[in-house]
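The following exercises are meant to be worked through with the sequence and the coordinates side by side. Each task is followed by a solution that proceeds step by step.

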Amino acid sequence: MSVSVEPTSAQTSTGASGQTPAGAGGGGAASAEGEALRPHAEHAFAAELAALAAQDDRPRPVRWRMSPWAVATYLLGGTLPDGTVITPKYVGPRRIVEVAVTTLATDRALLLLGVPGTAKTWVSEHLAAAVSGDSTLLVQGTAGTPEEAIRYGWNYAQLLAHGPSRDALVPSPVMRAMAEGMTARVEELTRVPADVQDSLITILSEKTLPIPELGQEVQAVRGFNLIATANDRDRGVNELSSALRRRFNTVVLPLPESADAEVDIVSRRVDQIGRSLDLPAVPEGIDEIRRVVTVFRELRDGITADGRTKLKSPSGTLSTAEAISVVTNGLALAAHFGDGVLRAGDVAAGILGAVVRDPAADRVIWQEYLEAVVREREGWKDFYRACREVSA
């Protein structure tokens, strides 16, 4: 016996994350799109999604808001026939995005794998927003994630008063996605305990979720799929069983291939964040962005950009996401305590914090890099002095 899952009155006012989606009704100030500190993708890029859907004449899978081609265009950017510009959400190999989108159009779930800071969460959110128009059907994986977060839970007041019933059942984001033919998301899957991970096996293979307490099941309707993300540096934490891994098509998101590509990514993302925080425009600080990216790439790769000097790599990942954080913090310093122009002194402390994670080993590596590389590099004297000052 199958059962449909309708949101209860307590669930209709909030998204899966427990927060009212930006732009949704409710009357509170926080529900206004302009008031949300970080709007969901479907609200932040609503105009682009609407323009793509309106001009998309290609075949669409059942319950998809647009065709796979349009979803890929939304992520990678482009210009529509009417002149509408779609901004890139992901800068990287086109084939990776095409494989990810195509996977969601099949009965295979999608696993986005990569080192920290390779935009796994960002890509999963935008994929769900473009495919289903809702990126909030989300399970955040942690060491304490219970099985109920993936299957279902119970309203214990109802359960004690009336026993197991549909009214007492609290559907998880995954259950809701199955019943409504939408895309669910599981973040940091390898941080979830192994026995909880395996609750996904029946869902992904049989496309059903049994409810033995009611003698019922939820059958996934067409359009349902699941995107999971995992950090490949977490291997050994809670590795996926071979049975579960077979249910996923794995797509590895790489680090940016070139410094120019990484500078472009950092600039675009910092500009988006900066506009929401009323920070200075990014173009005036492009030189400092390039320096931050250069430092991160050289220490990450263990060699200078010209290939002449081998370096020791610190313990941190020095990812693109961390570069974005350093530059954003630097812009805030420039705006509130400077002249509004991003300078070396604004990013120096952030770089030190990102590089020196191990106070003993990493500090030595950083000092060697400063003296052997930064000090001798033409045009970097101001950066060297700023880094020396905060490192003292």
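## Exercise 1: a buried helix

In helix 7, the residues Pro173, Val174, Met175, Arg176, Ala177 and Met178 are buried. The model is a predicted one, and this applies to every exercise below.

Task: decide whether helix 7 is largely enclosed by the rest of the structure, and describe the residue that follows helix 7.

Solution. Helix 7 spans residues 173-180, and 6 of its 8 residues are buried, so helix 7 is largely enclosed by the rest of the structure. The next step is to look past the end of the helix, where glycine 181 follows with a positive phi, near 70 degrees.

## Exercise 2: the surroundings of helix 3

Task: establish which residues of helix 3 are buried, and which elements these buried residues pack against.

Solution. Begin with the count: helix 3 covers residues 68-76, and because 7 of its 9 residues are buried, helix 3 is largely enclosed by the rest of the structure. The buried residues are Ala70, Val71, Ala72, Thr73, Tyr74, Leu75 and Leu76. Their packing partners are then found to be helix 1 (41-44), helix 2 (46-55), strand 1 (78-79), strand 2 (85-86), helix 4 (94-104) and helix 5 (120-132). Just after helix 3 comes glycine 77, which takes a positive phi of about 90 degrees.

## Exercise 3: two helix pairs

Task: characterise the packing of helix 3 with helix 5 and of helix 3 with helix 4, giving for each pair the angle, the axis separation and the residues in contact.

Solution. Two packed helices are described by the angle between their axes and the distance between the axes.

Step one concerns helix 3 and helix 5, which pack at an angle of about 140 degrees with their axes 10 Å apart. Since angles over 145 degrees would count as roughly antiparallel, this value makes helix 3 oblique to helix 5. The crossing of helix 3 and helix 5 is right-handed. From helix 3, the residues Val71, Tyr74 and Leu75 meet Val123, His126, Leu127, Ala130 and Val131 of helix 5. Sorted by chemical class, the residues of this contact between helix 3 and helix 5 comprise 7 nonpolar, 1 polar and no charged.

Step two concerns helix 3 and helix 4, whose packing angle is about 135 degrees and whose axes lie 10 Å apart. Helix 3 and helix 4 are therefore oblique to each other, and their crossing is right-handed. Pro68, Val71, Ala72, Leu75 and Leu76 of helix 3 make this contact together with Arg94, Val97 and Val101 of helix 4. The residues of the contact of helix 3 with helix 4 divide into 7 nonpolar, no polar and 1 charged.

## Exercise 4: residues in the loop between helix 12 and helix 13

Task: describe the environment of threonine 304 and the backbone of leucine 318.

Solution. Threonine 304 is found in the loop between helix 12 (286-301) and helix 13 (320-337). Its relative accessible area is 5%, and because buried means under 20%, threonine 304 is buried. The side chain of threonine 304 reaches the backbone nitrogen of arginine 308 at 3.5 Å. When residues up to four places away in sequence are not counted, threonine 304 touches Glu298, Thr309, Leu311, Val373 and Arg377.

Leucine 318 lies in the loop between helix 12 and helix 13, and at 1% relative accessibility leucine 318 counts as buried. The phi of leucine 318 is near 50 degrees, which is a positive value in a residue other than glycine.

## Exercise 5: two alanines

Task: state whether alanine 323 and alanine 119 are buried or partly exposed, and place each in its element or loop.

Solution. Alanine 323 is found in helix 13 and, with a relative accessible area of 0%, alanine 323 is buried. Leaving aside neighbours within four places in sequence, alanine 323 is in contact with Val266, Val292 and Phe296. The C-alpha atoms of alanine 323 and valine 295 are separated by 9.7 Å, although these residues are 28 residues apart along the chain.

Alanine 119 is found in the loop between strand 3 (109-114) and helix 5, and at 27% relative accessibility alanine 119 counts as partly exposed. The phi of alanine 119 is near 75 degrees, a positive value in a residue other than glycine.

Conventions: Residues numbered from 1 in each chain as written. Predicted model: local features only at pLDDT ≥ 70, side-chain atom pairs only at ≥ 80, totals over all residues. Heavy atoms only, no water. Helix = DSSP H or I, 4+ residues; strand = E, 2+ residues; numbered from the N terminus. Buried < 20%, exposed > 50% of the residue type's maximum accessible area, 1.4 Å probe, protein only. Polar contact = N/O pair within 3.5 Å; in protein donor to acceptor, adjacent residues only side chain to side chain. Contact = heavy atoms within 4.5 Å. Axes fitted to C-alpha atoms, helices over the stretch in contact; angles between N-to-C directions. Parallel < 35°, antiparallel > 145°, perpendicular 65-115°, else oblique. Left-handed = near helix turned anticlockwise from the far one by under 90°. Nonpolar A, V, L, I, M, F, W, Y, C, P; charged D, E, K, R; others polar.
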